[in-house]
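Here are my notes on the model you sent round. Please read them with the structure open.

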Amino acid sequence: MTTPPTPPPSTPPAPRRTTTAEQALRRLELKVMRKLDGLLHGAHQGLLPGPGSESGDSRVYVPGEDDVRRMDWAVTARTTVPHVRDLIADRELETWALADLSPSMDFGTADTDKRDLVVSAVGAIGFLSSRLGDRFGALVIHDEHVHRMPARSGRPALYGLLHSLMDAPRGQVVADPPDLAEGIDVLAAARRRRGMRVVVSDFLDARPVLDPGAERPWERPIRRLAARHQVLAVEVIDPRELELPDVGRVAFADPETGKVREVHLSPKVRRAYAEAAALQRDGTRAALRRAGVAHLVLRTDRDWVFDIAQFVLRQRRTGHLQHRRAAP
């Protein structure tokens, strides 16, 4: 009697391989949550005058401290004691980000390029918004169009949005590309409900204006946007956009137009370039200040998570001081 052959041991299923994009997003999420978790959290501030826009519980009126415009007349008439109704801050906000993926963002000479820094900035804001339960959407300036990704809540939707940004092809030279001003106008018209708006760009114009007091093409649109929403402008820069190295003759290619020009980087040329770059940045900073927009600068040669953390702490400290001055 022959013994039947022993069947080979069952092979466990091979683990699913994660793509490079998924691994990068998980590292990004881990980095953001380790360094920024808790810094951006807290109760939302109301977007309408006062601490909020939704009615809360009623309580006894305190003369000299409470606003008579918040008097709850129904409870006052029923109890014959003056009552006011507290307001609850808006909890469910909608955050929209405008991501500039034009050809000028496909540039970087340090730890990363500007394009990856744009995705990182959008991801940081999206991860923190998803922890609060808010909806997050994005508009993307890419090639001939401003693409719209609808606002959704939840981590899977955010991962899908970031995957789309990472998988978008490099920008190409097109005949009539949308500029930043057009993208901001589309952002303002995308959703009228008040919320948070984030513009992530290098704020470089096709025809740069070096006068810091001159109006930028995107200044009026972003001022109109800030009149209704809370706006954060994230300026992404590379160190080689501020100063040039001493390397002699170099061929420069304009990613927006495709034109190539050879330039000898003499000390005079490098000095003039650094002065023009400083004037351009001063103009961007002044324009955003005139528009009443919060301004955050991220560089490809710095720890961008640390810069976001420092910016948030400064904003909270400034808001706390303003609240103390406004208090009677």
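The points below go from the whole chain to single residues.

1. **Status and make-up.** This is a predicted model. The protein chain holds eight helices and 10 strands. Of its 328 residues, 40% are buried.

2. **Contacts and surface.** Take the contacts in the protein chain with a separation of 6 or more: 74% of them link residues 24 or more positions apart. The exposed area of the chain is about 19,100 Å². Carbon and sulfur atoms supply 53% of that area.

3. **Strand E7.** How many residues of strand E7 are buried? Seven of the eight are, so far as the cut-off of under 20% relative accessible area goes. The strand spans residues 230-237 and is mostly covered.

4. **The E6 side.** Strand E6 covers residues 196-201 and pairs with E7. The pairing is parallel and runs over six bridges. Look at Ser201 for one register check: its bridge partner in E7 is Glu235. The link between these strands also deserves a look. Helix H6, residues 219-226, joins E6 and E7 in a right-handed β-α-β unit.

5. **The E10 side.** E7 also pairs with strand E10, residues 294-299. Here too the strands run parallel, with six bridges between them. Val234 stands opposite Leu296 in E10.

6. **Gln280.** This residue is found in helix H7, which spans residues 267-290. Is Gln280 buried or exposed? Its relative accessible area is 14%, which is under 20%, so Gln280 counts as buried. What does Gln280 touch, apart from neighbours within four places in sequence? The contacts are Phe203, Leu204, Leu210 and Arg216.

7. **Thr80.** Phi of Thr80 is near 60°. That is a positive value in a residue other than glycine. Thr80 lies in the loop between helix H2 (73-79) and strand E2 (83-88). Its relative accessibility is 68%, which is over 50%, so Thr80 counts as exposed.

8. **Asp143.** Asp143 also has a positive phi, near 55°, and is a residue other than glycine. The residue sits in the loop between strand E4 (135-142) and strand E5 (145-152). Why does Asp143 count as buried? Its relative accessibility is 18%, and the cut-off for buried is under 20%.

9. **Where to look again.** For backbone geometry, revisit Thr80 and Asp143. One counts as exposed, Thr80; Asp143 counts as buried. For the sheet, start at E7, which pairs with E6 and with E10.

Definitions and conventions. Residues are numbered from 1 along each chain as its sequence is written. This is a predicted model: local features need pLDDT of at least 70, side-chain atom pairs count only at pLDDT 80 or more; totals for chains, interfaces and linings use all residues. Side-chain values use heavy atoms; hydrogens and water are left out. Buried means under 20% relative accessible area, exposed over 50%, partly exposed in between (1.4 Å probe, protein chains only). Helices (H or I, at least four residues) and strands (E, at least two) are DSSP runs, numbered from the N terminus. Two strands pair if DSSP finds at least two bridges between them. A crossover is right-handed if, with the strands pointing away from the viewer, the path from the first strand over the helix to the second runs clockwise. Contact means heavy atoms within 4.5 Å. Accessible areas come from the Shrake-Rupley method with a 1.4 Å probe; for residues, only the protein chains shown count as cover.
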